[in-house]
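Here are my notes on the model you sent over. Please read them with the structure open.

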Amino acid sequence: MADADKLVKQTHALDRDCTTLSRHVLQQLQSFSAEAQDLSALMGRIALAAKLVSRRLSRAGLVEGVLGFTGDVNVQGESVKRMDVYANEVFISVFKQSGLVCRLASEEMDKPYYIPENCPIGRYTLLYDPIDGSSNIDSNLNIGSIFSIRQQEGTDENGEAKDLLQHGRKQLAAGYILYGPSTMLVYSIGNGVHSFTLDPSLGEFILSTENIQIPEHGSIYSVNEGNFWQWDESIRDYIRYVHRHEGYTARYGGALVGDFHRILFEGGVFLYPGTLKNPDGKLRLLYETAPLAFLVEQAGGRASTGTEEILDVVPEKLHTRTPVIIGSKEDVELVESFIQDRTREQTESLTAPS
Ligand code: AHG
Ligand code: MN
Ligand code: MN
């Protein structure tokens with residue numbers, strides 16, 4: 001290869017190594033406005049939190065007191081893992097120093113955590129699931145963190161955080177970190193979906209894939225079939241369909257972030273429908289399904305409750321849950337078609353002359 005070509009290749013490789021998360025945000029916004037700087041700084045803090053969690057996970061089996069349960073039960077009624085608490089604290093501490101975030105709303109906290117000194121009007125709220133897929137931690141399988149950034153609206157004096165009870169199209173940014181064989185951060189600020197890979201030798205997240213587009217259709221369906229006995233007949237109809245037709249393959253990792261990440265890149269659909277025990281499903285809107293719905297729409301996919309778009313759902317409370325069907329357009333529509341068929345049948349049977 002001629003020297004000139006080598007130089008071009010080298011420069012390109014260097015440019016790529018210098019496309020860090022903060023720089024990418026500013027490139028995305030093509031602006032150095034105060035808001036652009038804010039978002040860039042916020043994403044930089046998310047990256048720092050991700051590195052701290054990733055570092056602890058990488059040595060979890062060697063250090064006392066990292067794995068296992070705390071013995072407490074959280075606001076969700078779920079047993080809390082030590083890593084849930086650690087990661088929750090990491091995000092609080094990282095954002096405390098940021099001066100940008102007034103409030104943090106977490107899956108692990110009943111009420112939002114306030115940082116009063118940061119709460120002049122127009123500051124931001126971070127909503128997050130500090131560790132998603134906690135059941136995977138002790139078996140060293142992939143887990144994640146999910147985040148969403150919204151504008152703080154009003155003063156919220158009585159700490160009710162009512163301004164957070166708005167639809168998901170109010171999100172300014174959303175994304176997740178996947179703690180897998182490599183640690184990846186996937187985000188969107190409404191201008192496409194982009195993935196970054198942590199380069200441990202640099203201690204930086206470096207751009208790996210820009211403008212991710214989810215395939216229109218994929219063979220993967222991802223659902224916990226152990227809940228079959230608890231599902232509505234329409235969901236059972238869908239499962240019977242994929243069991244009886246060629247071209248489908250089941251993949252379920254028990255951690256939303258890993259299951260969603262696979263579908264974002266390969267296509268298909270993830271679903272967590274309502275069950276007898278949890279009619280609204282298990283997953284929480286504000287810091288699990290709405291952030292991922294924001295991403296999947298940016299990537300050309302869809303996210304539905306089965307009857308409405310996830311991003312249009314207005315939560316009644318901070319920890320509202322919704323059923324979720326998310327992934328490739330065609331595959332989400334296929335699941336919805338079984339729901340519509342059953343609804344039509346029920347309507348017809350109610351209106352049929354007796
Ligand atoms: P979290 O660990 O934050 O509570 O989330 C766990 C969620 C989600 O990651 C996953 O899709 C789902 O729980 C798995 O639930 P089941 O074990 O009921 O399948
Ligand atoms: Mn979760
Ligand atoms: Mn969690």
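The numbered points below cover the ligand site, the metal site and one loop residue.

1. Status of the model. This is a predicted model. Every distance and area below is computed from predicted coordinates.

2. Where does ligand 1 lie with respect to domain 1 and domain 2? Domain 1 spans 2-209 and domain 2 spans 220-348. Both give residues to the shell around ligand 1, so ligand 1 lies between them.

3. The shell. There are 18 residues around ligand 1. Those that come nearest are Asp132, Gly133, Ser134, Tyr252 and Tyr272. By class, the shell splits into seven nonpolar, seven charged and four polar residues.

4. Strands in the shell. Both β5 (124-132) and β13 (269-272) supply at least two shell residues each. The most comes from β5, which gives three residues.

5. Polar contacts of ligand 1. Check three side chains here, each paired with an oxygen atom of the ligand. For tyrosine 252, an N or O atom of the side chain is 2.5 Å from a ligand oxygen. Asparagine 224 places a polar side-chain atom 2.9 Å from a ligand oxygen. For glutamate 78, the separation between a side-chain N or O atom and a ligand oxygen is 3.4 Å. As for burial, ligand 1 taken alone exposes 480 Å², and the protein buries 87% of that.

6. The manganese site. Which residues coordinate the manganese ion (ligand 2)? They are Asp129 (OD), Asp132 (OD) and Glu288 (OE), at 1.9 to 2.1 Å. Along the chain, these donors follow the spacing D-x2-D-x155-E. Aspartate 132 sits in strand β5 and glutamate 288 in helix α7 (residues 285-298). The two are 156 residues apart, so distant parts of the chain are linked by this pair. Are aspartate 132 and glutamate 288 buried or exposed? Both are buried.

7. The second metal. The manganese ion (ligand 3) is 3.7 Å from the manganese ion (ligand 2). Aspartate 129 coordinates both ions. Asp132, in turn, is a donor to ligand 2 and is also listed among the residues that come nearest to ligand 1.

8. A loop residue. Glycine 154 is in the loop between β6 (143-151) and β7 (173-179). Why does glycine 154 count as partly exposed? Its relative accessibility is 39%, and the partly exposed class runs between 20% and 50%. Glycine 154 is 31 residues from arginine 123 in sequence. In space, the C-alpha to C-alpha distance between these two residues is 9.7 Å.

Methods
Residues numbered from 1 in each chain as written. Chains lettered and ligands numbered in written order. Predicted model: local features only at pLDDT ≥ 70, side-chain atom pairs only at ≥ 80, totals over all residues. Heavy atoms only, no water. Near = heavy atom within 4 Å. Polar contact = N/O pair within 3.5 Å; in protein donor to acceptor, adjacent residues only side chain to side chain. Areas by Shrake-Rupley, 256 points an atom, 1.4 Å probe, with all protein chains shown as cover. Helix = DSSP H or I, 4+ residues; strand = E, 2+ residues; numbered from the N terminus. Nonpolar A, V, L, I, M, F, W, Y, C, P; charged D, E, K, R; others polar. Domains from an automatic or database assignment. Donors = N, O, S within 2.8 Å, 3.2 Å for Na, K, Ca; no water. Buried < 20%, exposed > 50% of the residue type's maximum accessible area, 1.4 Å probe, protein only.
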